[in-house]
Structure formats: structure tokens, C-alpha cells
Amino acid sequence: MSSKDWLEKDFYAVLGVTKSATTDEVKKAYRKLARELHPDRNPNNAAAEERFKAVSEAYDVLSDPGRRKEYDEMRSLFGAGAFRRNARAGNHGPGGPGFDFSDLFANGAQGSGAGPGAGAGAGVGGDRRFGGAGFSDLFSSIFSGGGGPGAPGGTPGRRGRGRDVETEVVLNFADAVQGATLPITLRTPGTCETCHGNGAAPGSTPRTCPNCRGQGVVSSNQGSFSFTEPCRECQGVGTIVDEKCPECVGSGGVTKTRTINVRIPPGVAEGQRIRLSGRGEPGTRGGAAGDLFVLIRVRPDSVFGRTGDDLTLTVPVTFAEAALGADLRVPTLDAAVTLRVPPGTPSGRTLRVRGKGVARRDGKVGDLLVTIDVHVPADLSEAARQALSDYAAAAPPAPRERLDAIARERSSYER
């Protein structure tokens, strides 16, 4: 993406957020739009696909603090739309006379010490505020994507990294804890297999653009200034396709459905993102592919819960087991273990089974936390009721002397 693209595109409007939006707000807006516009949910919908690409492009810039700062500074300095093609010097569009960079910086050059008599020499010699680099170099860098016409990676027709892709998978609780390998189907732009990405029909090849001579950019001089912009003849590619590929209609890319196997590591949690390098959209003109980000969603389990790296489990016990103690067989995710309930265990107490939780990245494993729940039956047999009556007569009373005293005191107030 060139700097000129930044000037003409309002990424905040694309995501529907304000310029003061936080990183979390930007991420939330992107995820909402990505889910709504994803090609899987909108098959054969070209408009939704284009919006999905625009949303991804905006998020790529605004989610990166460094790129977002550069984007804000550039738009603040030059204004959105100030350098569109119709606003160039000498090209008077329907909105009025063209914009002349020499008018913008004439006073600035004089104020920097060049003086009224410096004339064109001030522009050639350079402005000290830019380390001796002239405004010609400054604007050449802007319009060539930050590197100038001769800088590596600066021309729009050169290799470009593919965009990142995000998808979402829903895992069972056990798969999230223990890990799994899952097939994921994606609908993303890919290289056309008919023309192998060059956009030409079989039996033909693209020819070098005569206007830019294969560079993808053209330069023009306006007095002391030099401007570089994408070539209009080849749209910045550097080549022209006379006979277009019937499959991709000359674009070199098509939307493909592909299935890849993704290894989900053990211990992933709800909301975690897994990055797969080089599995995103292919780059342009042979550039590196983007990355694939897999957003994890976890279905709740009917038996187990999770707190960090520990698994949680609630086990009902009888009053006799809690009072006298018992050895219980309790499940884990992969086997069963014996849990010793000490005599006199109260309801709500948590017992720890070490090493039966979630595996950590450093090789350590969390624990299984078992909460004791003393079960009180709603219905009793006659024998059980008699046994409890005998127990109540023999057992010491509950230690609530202090509460009884307070209750008697409050009762005296009411009288």
C-alpha cells in the first residue's frame, strides 16, 4: 500500500470508529465486521468480498501503533484528498484550480533562511529542516510509497506482502485442553492457476509497459519539484495484458476455497489467537504471503470448568461421607483418580489433585480443583429418618451460641 493510498482512504470510516478509538475498540469493530462480511457467510457476493478486503486493509494499519501514527500524521499534514490526481498542479478539476506545491512551501523556504532572492535554488539546495534533503526528495518519497522511485520496495509495481486473514474455530472443551488437529476451510484470494498470476491468456505473455518502461511509476517535473505516481497505463504493475486470462479476467487472482489442517496446541483458551505464518493471502507479484490468525472459541463442558491452568469439578457427597471421610473415584479428562475426603470436611471445601489440569507452555501442568458439595436429600425413608433422629440426639449441638444470644437480645427489643 502506497502513501498516496493512505491519503485517499479513511480507515476510521471503513471500520466505523472515531479517530480517538482505542486499540481494543478498533479490534472489536474489525471482528464484528469481519464476521458479517466473511466470504464464507456471503458466497458469490462481490460487494461483501470487497468490503471484507477494505476492512482487513484498514485493520492492518490501525491495529499497528507505528503504522497508525504514520497514517494519522500524514493525513493531518496533507489532508485527505489533497493529492488526488485531479488536484495536481496544472490539472484543474471540476472543483476549481489545481493545487500547486510551490505555493504551499514558498513561504516556508523563505522563512528557513533561503531569502526572497534564492528563487529555484532554494528548492534544489534543500531545506535544512529536512536534513538537507530538498522538497523534491520529500514528495518523491511520499508518492512512491516511502522509498522514492529508486528505493527497494518503493514502487507500487513491485512485490507486496499478502494480507493477513482471520478465521474462527469452535473447539470442544477437551480439545482446547489437550490439543487437536482440525481441518479449516477458507475462501480467500489466491493465484490463478490458468495464468499463474500474470493475468495473460494461455499462449500469451504480458508486455512491458511503454509508458513507464516496466517500472510501474512515472515521474514528472514541476519547476524545482519532482513528482512520482503510479503509471496510469498499467495501473502501477509495470506490464500490460493484451489478451486477458478467461479465468481471472486479467487480474491474476481468483477467490479459492482451500482446506488446511491446523494444529491446535494444548491449553488454548477462549478468545486466544493462533498465528500461522505464511498461511494468509498470497503476496502480489511473487511477494510473501500474509499470515493466518485463528480465533479460538471453546464450548463449555457439562462436567468440568477452568480457571487459568486449573480444571474445576464439583463432587456431591453424603453427610456421612463428609463427616466420616471417604475415598471417592472422580473423573479427569483422560482417566479416573482416587480422591481422599478427610473426616469432617465441610460443604464448599476445595481439594486439590495435582498434575491433572491444563498443560502449560513451559511443560508444567495445572491441577484439578475438586469442590465438595454435601448433598441433603429431599425425601428420606423411615429407617433413614429414625437413624438421623438417633444421631441428632447423640450428636453435640451446632456451635451457634453467639447467634442465639443475639437473637434473644433482638427479641427483647421487639417486646
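Select Cys245 first: leaving aside neighbours within four places in sequence, Cys245 is in contact with Cys192, Thr194, Cys195, Gly199, Ala200, Ala201 and Gly250. The model on display is a predicted one. Cys245 sits in the loop between strand E6 (239-240) and strand E7 (253-264). With a relative accessible area of 1%, Cys245 is buried.

**The cysteine cluster**

Next, select Cys192, one of the contacts of Cys245. Cys192 belongs to the loop between strand E2 (180-191) and strand E3 (207-208). Cys192 counts as buried, because its relative accessibility is 1%. Beyond residues up to four places away in sequence, Cys192 touches Gly197, Cys245, Glu247, Cys248, Gly252, Gly253 and Val254.

Now add Cys195 and Cys248 to the selection. An unreviewed UniProt entry lists Cys192, Cys195, Cys245 and Cys248 under "binding site". These residues are spread over 57 residues of sequence, yet they cluster in space, with a largest C-alpha distance of 9.0 Å.

How many disulfides are counted in the model? The count is zero, by the rule applied here. For Cys245, which is in no disulfide, the nearest cysteine sulfur is that of Cys192, 3.8 Å away. Since a disulfide requires sulfur atoms within 2.5 Å, this separation of 3.8 Å does not qualify.

Move to Cys234 for a further case. Cys234 is likewise in no disulfide, and the nearest cysteine sulfur, that of Cys212, lies 3.7 Å away. Cys234 is buried, with a relative accessible area of 5%.

**An exposed loop residue**

Select Arg213 next, in the loop between E3 and strand E4 (217-222). Is Arg213 buried or exposed? Arg213 is exposed, because its relative accessible area is 70%. The backbone also deserves inspection here: phi of Arg213 is near 60 degrees, a positive value in a residue other than glycine.

**Strands E8 and E9**

Show the side chains of strand E8 (residues 273-276). Ile274 and Leu276 point to one face and are buried, whereas Arg273 and Arg275 point to the other face and are not buried. In a regular strand the side chains alternate between the two faces of the sheet.

Extend the selection to strand E9 (residues 292-298), which runs antiparallel to E8 and is joined to E8 by four bridges. Opposite Ile274 stands Val294 of E9.

**The nonpolar cores**

Colour Val315, Val317, Leu328, Val330 and Leu368. These residues have the most contacts inside the largest nonpolar core, which has 21 residues. The elements giving two or more residues to this core are helix H9 (173-178), strand E11 (310-317), strand E12 (326-331), strand E13 (336-341), strand E14 (350-353) and E15. In soluble globular proteins, nonpolar side chains tend to be buried together.

Centre the view on Val330. Which residues does Val330 contact, leaving aside its neighbours within four places in sequence? They are Leu313, Val315, Ala335, Ala336, Val337 and Leu339.

Another core, of 19 residues, lies apart from the largest one; among its members are Leu15, Val17, Val26 and Val55. Two of these names return on selecting Ala29, which touches Leu15 and Val17, not counting residues up to four places away in sequence. Ala29 lies in helix H3 (residues 23-37), and Ala29 counts as buried, at 15% relative accessibility. A distance drawn between the C-alpha atoms of Ala29 and Val14, 15 residues apart along the chain, reads 9.9 Å.

**The whole chain, coloured by confidence**

Zoom out and colour by pLDDT. The protein chain averages a pLDDT of 77, and 75% of the residues score at least 70. Which elements have the lowest and the highest mean pLDDT? Helix H7 (residues 121-125) has the lowest, at 37, and strand E15 (residues 368-374) has the highest, at 96. Select residues 79-157: the pLDDT over this stretch is below 50, and beyond near neighbours in sequence the stretch has 112 contacts in the model. Where pLDDT is low, the predicted coordinates should not be read in detail.

Finally, switch to a cartoon of the full protein chain, which has 12 helices and 15 strands. Of its 415 residues, 36% count as buried. Among contacts with a separation of 6 or more, 61% are between residues 24 or more positions apart.

Notes. Residues are numbered from 1 along each chain as its sequence is written. This is a predicted model: local features need pLDDT of at least 70, side-chain atom pairs count only at pLDDT 80 or more; totals for chains, interfaces and linings use all residues. Side-chain values use heavy atoms; hydrogens and water are left out. UniProt positions are given in the numbering used here, feature names are shortened, and annotations may be inferred rather than shown by experiment. Buried means under 20% relative accessible area, exposed over 50%, partly exposed in between (1.4 Å probe, protein chains only). Contact means heavy atoms within 4.5 Å. pLDDT is the predictor's confidence in each residue, from 0 to 100. A nonpolar core is a set of buried Ala, Val, Leu, Ile, Met, Phe, Trp, Tyr and Cys residues joined through side-chain atoms within 4.5 Å. Two strands pair if DSSP finds at least two bridges between them.
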